[in-house]
2 protein chains.
Amino acid sequence: MLSPRLSAPAGRLGAVFDVFKRPAVRLEVPRLKPRRPADQTLRVNLAEITPEVIPYLGQAAYIQLSIFEALARTVMLAPTVAAKEVLGPASGFALEKHEKLVAELRRLVDESSVVMAQFAPAIEHYNDVVRGSDWYESLTSVYLTAGILDDFFVLLAAGIHGDVGPKVARIVSSPSGREGIETLLGDAISEDATLGSRLAVWGRRLVGDTLLVARSAIHHSGNVRTDEQRIEPVFTELIANHSRRMDGLGLTA
Amino acid sequence: MLSPRLSAPAGRLGAVFDVFKRPAVRLEVPRLKPRRPADQTLRVNLAEITPEVIPYLGQAAYIQLSIFEALARTVMLAPTVAAKEVLGPASGFALEKHEKLVAELRRLVDESSVVMAQFAPAIEHYNDVVRGSDWYESLTSVYLTAGILDDFFVLLAAGIHGDVGPKVARIVSSPSGREGIETLLGDAISEDATLGSRLAVWGRRLVGDTLLVARSAIHHSGNVRTDEQRIEPVFTELIANHSRRMDGLGLTA
């Protein structure tokens, strides 16, 4: 199920970064009604690129587990108890999303961990890449990448047939408890310009690797050109939301 | 609130280890009725050594947060996705206990993190000591030490006046999701005698440091001899339960 593009050479990364050269078009995709995206093109695209429900659930569940682990790590490394109090609940929400997605997966398969395990190596590699070298980078990472990945799996859920699609969209788009991270980071950045410029570079760096994870989840038709045309508006939407999150932190996207 | 005994010299550690020389008397303390321990002596002792409710809640809440962090770390380091699936829910339960204890604390004080912060340095030091050098040691640690600490704070809650005592006892004694750890460890130990003997030594080593944490939570009367007499049956009970957990893993206590 893993696209070989996840460990893509520079050429493919170049294709991903092409998206940055375009102005960020802000498509209005209502977050709580993923089955009815306002934009007709986006809706058609989503239906075409959505994977089968079992790999979707396996990958989405394992990614929520990774988000949980990353947030729990920021709890452990937090410099103050007050910061732990912001991050603890956020990690709890990610764990809850993971467990609910696993519960959905278990309605379809006996061994949910076997389904998840096939995504583990690529996601663990990704986690290593985006971990960051200190608490601020780790915190920026999990805030920004979990934002992109949640958005992506909510969008993708629109293409899943039956009741499962809306249900998993509700699970992934449920509260993340990450609002407090914006304050924690925003305060630190506004007080320290050097930190701000370091995190701005870091925040931009994260996007490419995160979109490669998203790309690995997509159903490919076999026609590269068609696939790219379908993926592009989805990625444009993800990047627009990412830019808003960067802005919210006081970072230039 | 932190007893200087938490960073006690060898002499005091010796006093703690004296308890091991006695046969483990198994007092019947019903877990779900901590307000009515069957043993009269234990009940009197608990009332005398219970701290004020605010430091009790602050320390108990911070310890649950530490248990959460330790369990989340075992999720991160787990060798298989199936093991993660056992440990994830367990860490969620510890986080839930932490959050419920913080909610109780917030009914009494504005800044719950300030109350917890005074316990942080000693507990962080303890966490460093009991962390272990690999996944099996970490897992053994959190299984055994969280067992002792949960038992201890449930017992101690019996001495808290009003509705808060039974309420916090219910919170701390609520499901921990740690049963699966017994299976994970027990299976590994039964297959590898060398691992078993290493973890048996490790499991015995953990008790002294954990009882020092418990000791630091206790209200001291100022009369060392009286305090020791009151503490002893409580520690005997904790050690009896610890021995049962060691037995359950196939380790000699």
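A residue counts as buried if 20 or more other C-beta atoms lie within 10 Å of its own. By that rule, buried residues make up 47% of the 253 residues in chain A. The model is predicted. Chain A is built from 11 helices and 0 strands. Chains A and B are related by a two-fold axis.

**Chain A: fold**

- Read from the N terminus, the elements of chain A run α-α-α-α-α-α-α-α-α-α-α.
- Take the contacts in chain A between residues at least 6 apart in sequence: 78% of them join residues at least 24 apart.

**Symmetry**

- A turn of 180° with a shift of 0.0 Å along the axis lays chain B on chain A. The RMSD of that fit is 0.0 Å.
- This is the relation of a two-fold axis.
- Both copies use the same surface: 100% of the contact residues of chain B recur in chain A.

**The A–B contact**

- On chain B, 19 residues are in contact with 19 residues of chain A.
- Three elements of chain B each give two or more residues to this side: helix 3 (53–77), helix 4 (81–106) and helix 5 (112–117).
- Helix 4 of chain B supplies the largest share, 10 residues.
- By residue type, the side of chain B that touches chain A divides into 11 nonpolar, 4 polar and 4 charged.

**Nonpolar core**

- In soluble globular proteins, nonpolar side chains tend to be buried together.
- The largest nonpolar core here has 146 residues.
- Leu71(A) and Leu71(B) have the most contacts inside that core.
- Beyond its neighbours within four places in sequence, Leu71(B) is in contact with Leu87(B), Ala90(B), Ser91(B), Ala94(B) and Val142(B).

**Helix 6 of chain B**

- Helix 6 spans residues 120–130 of chain B. Its buried residues are Ala122(B), Tyr126(B), Asn127(B) and Val130(B).
- Seen down the axis of helix 6 of chain B, these buried residues fall within an arc of 140°, so they line one face of the helix.
- The face turned away from that buried side carries the exposed residues Pro121(B) and Asp128(B).
- Cover for the buried residues of helix 6 of chain B includes helix 3, helix 7 (135–157) and helix 10 (193–217) of chain B.
- Gly132(B) comes just after helix 6 of chain B and takes a positive phi of about 90°.

**Val234(A)**

- Val234(A) lies in helix 11 (residues 224–249) of chain A.
- Val234(A) counts as buried because it has 24 C-beta neighbours inside 10 Å.
- Leaving out residues up to four places away in sequence, Val234(A) touches Leu42(A), Asn45(A), Leu46(A) and Leu155(A).
- Val234(A) and Asp151(A) are 83 residues apart along the chain, and their C-alpha atoms are separated by 9.8 Å.

**Arg215(B)**

- Arg215(B) lies in helix 10 of chain B. Helix 10 of chain B is also among the elements that cover the buried residues of helix 6.
- Arg215(B) counts as buried because it has 22 C-beta neighbours inside 10 Å.
- Arg215(B) and Ala83(B) are 132 residues apart in sequence. Their C-alpha atoms are 33 Å apart in space.

Key. Residues are numbered from 1 along each chain as its sequence is written. Chains are lettered from A and ligands numbered from 1 in the order in which they are written. This is a predicted model: local features need pLDDT of at least 70, side-chain atom pairs count only at pLDDT 80 or more; totals for chains, interfaces and linings use all residues. Two residues are in contact if their C-beta atoms, placed from the backbone, lie within 7 Å. Helices (H or I, at least four residues) and strands (E, at least two) are DSSP runs, numbered from the N terminus. Ala, Val, Leu, Ile, Met, Phe, Trp, Tyr, Cys and Pro count as nonpolar, Asp, Glu, Lys and Arg as charged, and the others, Gly among them, as polar. A nonpolar core is a set of buried Ala, Val, Leu, Ile, Met, Phe, Trp, Tyr and Cys residues joined through C-beta atoms within 7 Å. A residue is buried if 20 or more other C-beta atoms lie within 10 Å of its own, exposed if 12 or fewer, and partly exposed in between; C-beta atoms are placed from the backbone. Copies are superposed by least squares on the C-alpha atoms of residues with pLDDT of at least 70 in both. The arc is that of the directions from the helix axis to the C-beta atoms.
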